[in-house]
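User: I am new to this structure and would like a close look at a single part of it. Please take me through the residue you begin with, and then through its surroundings.

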Amino acid sequence: MKIVVIGGTGLIGSKLVARLGEQGHRAVAASPNTGVDTLTGEGLADVLAGADVVIDVSNSPSFEDAAVLEFFETSTRNLLATEAAAGVGHHVALSVVGTGRLAGSGYF
């Protein structure tokens with residue numbers, strides 16, 4: 001099974017790619033470091049070709065409220081559209097626990 005990990009070269013993503021590979025999956029790390037930019041869409045169609053699953057563990061390059069919101073809205077919109085065009089069957093997104101305690105943060 002081909003699984004594309006968005007944010008796959010980061011702290012969480014690199015561990016996820018390794019674990020998926022150990023379990024026999026074809027795990028592909030996708031990030032700006034590998035030529036995939038979810039904000040511009042660059043490289044998305046190529047990396048998602050033939051993918052069964054996309055796991056999004058990406059992170060915003062900024063923690064400023066408006067920039068974070070723009071990152072996740074744009075990135076997710078581009079991912080979902082490209083996944084639909086590629087026929088990807090599943091989209092999994094990392095969630096954050098405990099966000100109720102930080103309701104004033106635009107990140108959450």
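Analyst: With a relative accessibility of 8%, T38 counts as buried, a word used for residues under 20% relative accessible area, while exposed stands for over 50% and partly exposed for what lies in between, with a 1.4 Å probe and protein chains only. This is a predicted model, in which local features need pLDDT of at least 70 and side-chain atom pairs count only at pLDDT 80 or more, whereas totals for chains, interfaces and linings use all residues. Residues are numbered from 1 along each chain as its sequence is written, and side-chain values use heavy atoms, with hydrogens and water left out.

T38 sits in the loop between β2 (26-30) and α2 (44-48); helices (H or I, at least four residues) and strands (E, at least two) are DSSP runs, numbered from the N terminus. The side chain of T38 is joined to that of S75 by a polar contact of 2.8 Å, that is, a pair of N or O atoms within 3.5 Å of which, within protein, one must be able to donate a hydrogen and the other to accept it, and for which residues adjacent in sequence count only if both atoms are side-chain atoms. Leaving out residues up to four places away in sequence, T38 touches I6, L44, F71, T74, S75, N78 and L79, where contact means heavy atoms within 4.5 Å.

Several of these neighbours lead on to the largest nonpolar core, whose 11 residues are V4, I6, A30, V36, L44, V47, L48, A51, V54, L79 and V88. Such a core is a set of buried Ala, Val, Leu, Ile, Met, Phe, Trp, Tyr and Cys residues joined through side-chain atoms within 4.5 Å. Two or more residues of this core come from each of β1 (2-6) and α2, and α2 gives the largest share, 3 residues.

One member of the core, V54, lies in strand β3 (residues 53-56) and is buried, with a relative accessible area of 0%. Beyond the four nearest places in sequence, V54 touches V4, I6, L48, L79, E83, V88, H90, H91 and V92.

F71, another residue that T38 touches, is itself buried at 8% relative accessible area. The structure holds 1 aromatic pair, and F71 and F72 form it edge-to-face, with 5.0 Å from centre to centre and 80 degrees between the planes. Rings of Phe, Tyr and Trp (its six-membered ring) pair if their centres lie within 6.5 Å, and planes under 30 degrees apart count as stacked, over 60 as edge-to-face and the rest as tilted. F72 is partly exposed, at 26% relative accessibility.
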